[in-house]
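Trainee: Could you walk me through some of the labels people use for a structure like this one? I'd like to see how each label gets earned.

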Amino acid sequence: MVISRLEVMKILRKIYLLLIWSSLLSSITSTAQSIDAIKRAYADAGMHVAVLTNPKNYIPIQHLDKTKAAYIGGSFNSTGLTEYLHHYQQIPLIGFHYFKDDTWDRSFNLLMLDIDFNKTSTGDLVILSAEIEKQNTAYLVILNHASTGILPPNLFPSASATICTWGDSEYLPHHVAQIIYGAENSIGKLPFFLNHEYRSGHGLETTGIYRLRYGPPELVDIEGERFQYALQLQVEDAIREGVFPGANLLVAKDGIVIYNEAFGKNKYDDYASLTQDEMYDLASITKIFSATISSMWLHSHGQFDPDKTLSHYWPYLKRSNKTDLIWKDVLTHRARLQASIVYYKHVLNSKNQFLPRTLRSMYKARYSIPVTESWYANKNIPGKILKTIKETPLLSMENYVYSDLSMIMLGKTIEEISKMPLNQFVQKKFYQSLGADNTTYLPMHSFTKDQLVPTEVDTIFRKELIRGYVHDENASLLGGISGHAGLFSNANDMAKIAQMLLNKGSYGGIEYIKPETIQLYTRYQYPELGNRRGLGFDKPLLKYDVNQAHTARDASDESFGHSGFTGTFVWMDPKYNLTYILLTNRVYPTRANNKISQYSIRPCIQQTIYDHMLHAMQSKSLSIVR
């Protein structure tokens, strides 16, 4: 039998394809085994945590707006737990000597006592129990590195909850914090006799309340090392190219923060590296994470309807050219509003000096609006800005024109409806109970300058480095509180707000916004007109174009988010339960640096995330097929 050359080539091609397929399956199998090993290790660590007492169902802690917790610090502490507790709320440390001397701040209503048996003698345990019992304050006890018979009886009798861990897994602190704050259920049981009260098999079950979890990318089937390296490479390349001096990048998938890293520095010539805790001027992300979600809260409670007119809720606009504008058109940037106003030019003369009765270098009753540490604006200026907006002519056509004026007016409308300043409203309705303690307007009231990332060296208006004060000039002259700009935050806090939206308006056992309101606001409103916007939210292009896209190619039509002028970006994709946050200060030292857009940094990093996520989904499918 003679086989032709063509048949030989066909046979060899089949063999080649079989080898390639076999190699691919082998690689997938190897990666899957590695991923499965990490997932097992993580899950196993969760079984090494047991809740011993929880008499009044104190955990999971539900009302973060009513919980002011402190961590008791001393040589007896375990390693790493505070980092994970801080993910859920700010928890200051009280040194044990202050605690023992009774000189600590009595406004705290919850104390956390974290004890490592490897560092603590029986005598120390008795002292710690006696000291915390006499404080007459609610407290939690976390006992680490437990073993057979190590806990004397009758200690910590009034604890609101007692948690015990054993073993040495790096994931133990994840689970302890997540059980305390309701990010996961507690199902662990003691495998040994701890004392006569807590025997083998003891362990109380608790039920989670859907707060964010924290863990390795493998928990969502992404190979962690490659994923982390790819993201690190992109951000560090951008820093080397002078796109921005530093950044904070966070990725959350399926309610789990799988990546949160800080890169670079506050300033190019700074000596200290950035951390994940530092806060950024969010610029226009304020529009969605303050004004828009506030209007959604009001909508959910029947107090705001985007089909109503502007003057229906804000009578100030009656008898103006904006009286009959519809909120739906305003929030989609098709209401003929001007892009913005440049009011700061009204306070400068031809030599770029402040005009009389505008700004002063000293605080006075009449000059009470701080625009920097050095300058205070006249208290009448916000009213003049609103009057200017009221009288600004409308554009002739209803085309899409992105406008800051929309959210300035929405912020004022929220204040009109709620009878509350916008910053107080959004703090009360969202940030406090979400545990977003680092999200605020006017951050210099609560934080130090070192905790705040600088923005621009302002050479025109304020003539100094802007740090801790809002970068946007109009927001600055409005007192630092506006619907279009003024909010400061870090990536971890922003992830909580984002997850609340992905959870259809609920988080931590609380419904903030009704699911139908989420659906209404985050969908395309006028796709038939070529308008890509939701109500307040930005969305992907109606038809993807690599030369114009502001999002990744694979961002779904369900996704939504916003960017900020200072170099910030947040995007949520319900199809994949995915959040992407990139915070930078690309305007340092000057806004003239627009490399972040020129190089498409934000969508490129986002596409890398999608690539790894979609590859993981495909690999998992192939693994199942095999």
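Mentor: Sure. One term before we start: helices and strands are DSSP runs, a helix having at least four residues and a strand at least two, numbered from the N terminus. Also, keep in mind that this is a predicted model.

Trainee: Where does Asp-102 lie, then?

Mentor: Asp-102 sits in the loop that runs between α3 (96-100) and β4 (110-116).

Trainee: Why is Asp-102 called partly exposed?

Mentor: Buried means under 20% relative accessible area and exposed means over 50%. Asp-102 comes out at 44% relative accessibility, so it counts as partly exposed.

Trainee: How far is Asp-102 from Leu-85 in sequence and in space?

Mentor: They are 17 residues apart in sequence, and 24 Å apart in space, C-alpha to C-alpha.

Trainee: Let's do pockets. What is the volume of the largest pocket?

Mentor: About 1000 Å³. Of the 44 residues lining the largest pocket, the closest to its centre include Tyr-402, Phe-565 and Arg-586.

Trainee: What makes a residue count as lining?

Mentor: A lining residue has an atom within 4 Å of a point of the pocket. For the largest pocket, β19 gives the most, with three residues.

Trainee: How does the lining of the largest pocket divide by residue type?

Mentor: Into 17 nonpolar, 14 polar and 13 charged residues. Gly counts as polar here.

Trainee: And what about the second largest pocket, which helix gives the most to its lining?

Mentor: Helix α12 (residues 422-434), with five residues. The lining of the second largest pocket divides into ten nonpolar, eleven polar and three charged residues.

Technical notes: Residues are numbered from 1 along each chain as its sequence is written. This is a predicted model: local features need pLDDT of at least 70, side-chain atom pairs count only at pLDDT 80 or more; totals for chains, interfaces and linings use all residues. Side-chain values use heavy atoms; hydrogens and water are left out. On a 1 Å grid over the protein atoms alone, a cavity is a set of points where a 1.4 Å probe fits but cannot get out, and a pocket is an open set with protein on both sides within 12 Å along at least five of seven lines; lining residues have an atom within 4 Å of a point. Grid points are joined across faces, edges and corners, and a volume is the space filled by probe spheres set on the points. Buried means under 20% relative accessible area, exposed over 50%, partly exposed in between (1.4 Å probe, protein chains only).
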